[in-house]
Amino acid sequence: MTISNTKRRLAAGASALALALTGVVAASGAAFAAEVGPDQPGHPDEGSLTIVKHEGSADDAGDGTQQTINQPVLGGVEFTLWQIGVSDGAGTCTPLDLTDPDAWAKVPTTGYPTTKPAGTTDGELCTVSDTDFAPRVGTTGDNGELNFGNLPLGLYYVEETDATGAYKMVSGAQVPVSVTSEAQPFFVTMPLPADGDWLYQVYAYPKNQVTEGPKKTINEDATQAGYKVGDTVAYEISQTVPALKAGETEYSSASIWEHFSPGMQFGGLTSITINDVAVTDYTQTPATNATDEVRWSLGTTALAALKEGDVIKIAFTGKVTAVTSTGTIENPMSENPDDPGYGSEFNGTTTPTPPVDPPNPLTYWGQLKVNKVDQDGEVLSGAEFEVYPMTDTSCPHNAPATGKVASGKSDATGVVLWDNTAPASSPLGLWIANSNDGPLTDPSKDYCLYETKVPAGYTGGDVTQVTITPGTATMLDIDITNTQKDGPDLPLTGANGTLLMTIGGLGLGAIAVGVYLVTRRRQETEA
């Protein structure tokens, strides 16, 4: 066989071999330097394979050059590379020598391999023993890349061997993802024929289909359902249906659960939709009186129509039962249904932690305690109050006609007991803020406190603007003071009147004595 014939054979097989590199054809990246073939003078003695792992489904094959792929990269995916050789039929596997033109006839040029070669018959492809070439194992990094360098010239088999640790970078954090379809293994030669040139630095772009966990948000489209403990917060959990795994032909189960964190319990189901179409074929467990945990499972009919990419949405409410010590109620995604949190499963497999962007929603709550006293600090019972959210820059002088949050009445100790619970209690738990965008800095909310009934004999106070901050340690504890009213003027009696009369009487007596003495002296003079 002449050298020219050999080159024609290599050129003919170049594009076919490229099909074995899992990846996509995109805009070419960095240009590569032209190199000579493996049997030409001055050829490099070794090369490298760079794997760049992306999310998505496999499209067209790559050509071995560096590419720009506009899809998220995946870290934490393990690959193993083996050198491939030819069996002598007696247990020896000799690396394929690609400096020999005839050896290229052994190079697979179509399709993807299903397993690494393990031929034992003379002339079959086999895997080179560890003593001659130890398998190379590596894991993709945050940038999705893994480099196998210093590879001797030859044929190699590359396989994705572990994707359980797969993750992608979101806002600088590693976010786990669930791989639902592994990349196909592939062959690669070193060097790789490439459109009349030779690549000694080869790039491959295998992809994985991944499943992210559900995303939970506070429903900003819903009107704020309440402002006090005992009211509800509207939530929505959204889950994109993952692809079926290898060997699966249908969805046998699909469910979403919510296990409420301390301070909240199930309020009620609003709706279940798939692609924004209402679903009635589902089961809620428990069917009624759910408190800490509830699960929604699709029925047989809904499962039969379910397909990859469908979006399931569960809209429901959570009832606030208490103000937590920090004032926040956060219900993060959980992979364990027995832990507080939310999650989903398909065909018995739990989906992983969702992206941190957007983060888990938070709702903030605080407390108000009102004490009723007089001007001397003595407690007063029977005073009645109402609380309204402040909707402007200040509280109006009179209580609004609508929007009352709670009513309360001071007891024998002067403490206002609120009607948000049965029996009425103190303090009053009040809503502050919701956030779907992560923790808020120093959240607070203003309310208007009105005294609607004043104890008998006391004057009423003006409206009081109160500012509520999160948590129990920062509870707002205030005194509302009433001043005793003045009584009517009465006639001068009693001790004061007696004293004046006594003083008057003494004065009259003194005058009488004086008159007597003057009269007597005058009589003595005349005598």
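Me: Does N275 count as buried, exposed or partly exposed?
Reply: This is a predicted model, where local features need pLDDT of at least 70, side-chain atom pairs count only at pLDDT 80 or more, and totals for chains, interfaces and linings use all residues. Residues are numbered from 1 along each chain as its sequence is written, and side-chain values use heavy atoms, with hydrogens and water left out. Buried means under 20% relative accessible area and exposed means over 50%, with partly exposed in between (1.4 Å probe, protein chains only). N275 has 36% relative accessibility, so its class is partly exposed.

Me: What is the phi of N275?
Reply: Most residues other than glycine have a negative phi. N275 sits in the loop between β20 (264–274) and β21 (277–278); strands here are DSSP runs (E, at least two residues), numbered from the N terminus. N275 is not a glycine, yet its phi is positive, at about 55°.

Me: Is D276 buried or exposed?
Reply: D276 is also in the loop between β20 and β21. Its phi is positive too, about 70°, though it is not a glycine. The relative accessible area of D276 is 60%, so this residue is exposed.

Me: Which residue follows M190 through a cis peptide bond?
Reply: Most peptide bonds are trans. The bond after M190 is cis, with omega near 10°. The residue that follows lies in the loop between β12 (186–190) and β13 (192–194). It is P191.

Me: What is omega for the peptide bond from S426 to P427?
Reply: P427 lies in the loop between β31 (416–418) and β32 (428–435). The bond is cis, with omega near 0°.

Me: Which strands stand at the edges of the open sheet?
Reply: The sheet has three strands in the order β7-β1-β15, with mixed pairing. Two strands pair if DSSP finds at least two bridges between them. An edge strand has a single partner, so one side lacks a neighbour in the sheet; this holds for β7 (145–152) and β15 (201–204).

Me: What is the bridge partner of I51 in β15?
Reply: Strand β1 (residues 46–52) runs parallel to β15, over four bridges. The partner of I51 there is A204.

Me: How far apart in space are S238 and V311, C-alpha to C-alpha?
Reply: S238 is in strand β18 (residues 232–240). Its contacts (heavy atoms within 4.5 Å), leaving aside neighbours within four places in sequence, include V311. The two are 73 residues apart in sequence, but their C-alpha atoms are separated by 6.7 Å.

Me: Over which residues is the pLDDT below 50?
Reply: The pLDDT is the predictor's confidence in each residue, from 0 to 100. The protein averages 86, and 84% of the residues score at least 70. Where pLDDT is low, the predicted coordinates should not be read in detail. The stretch below 50 is residues 1–32.
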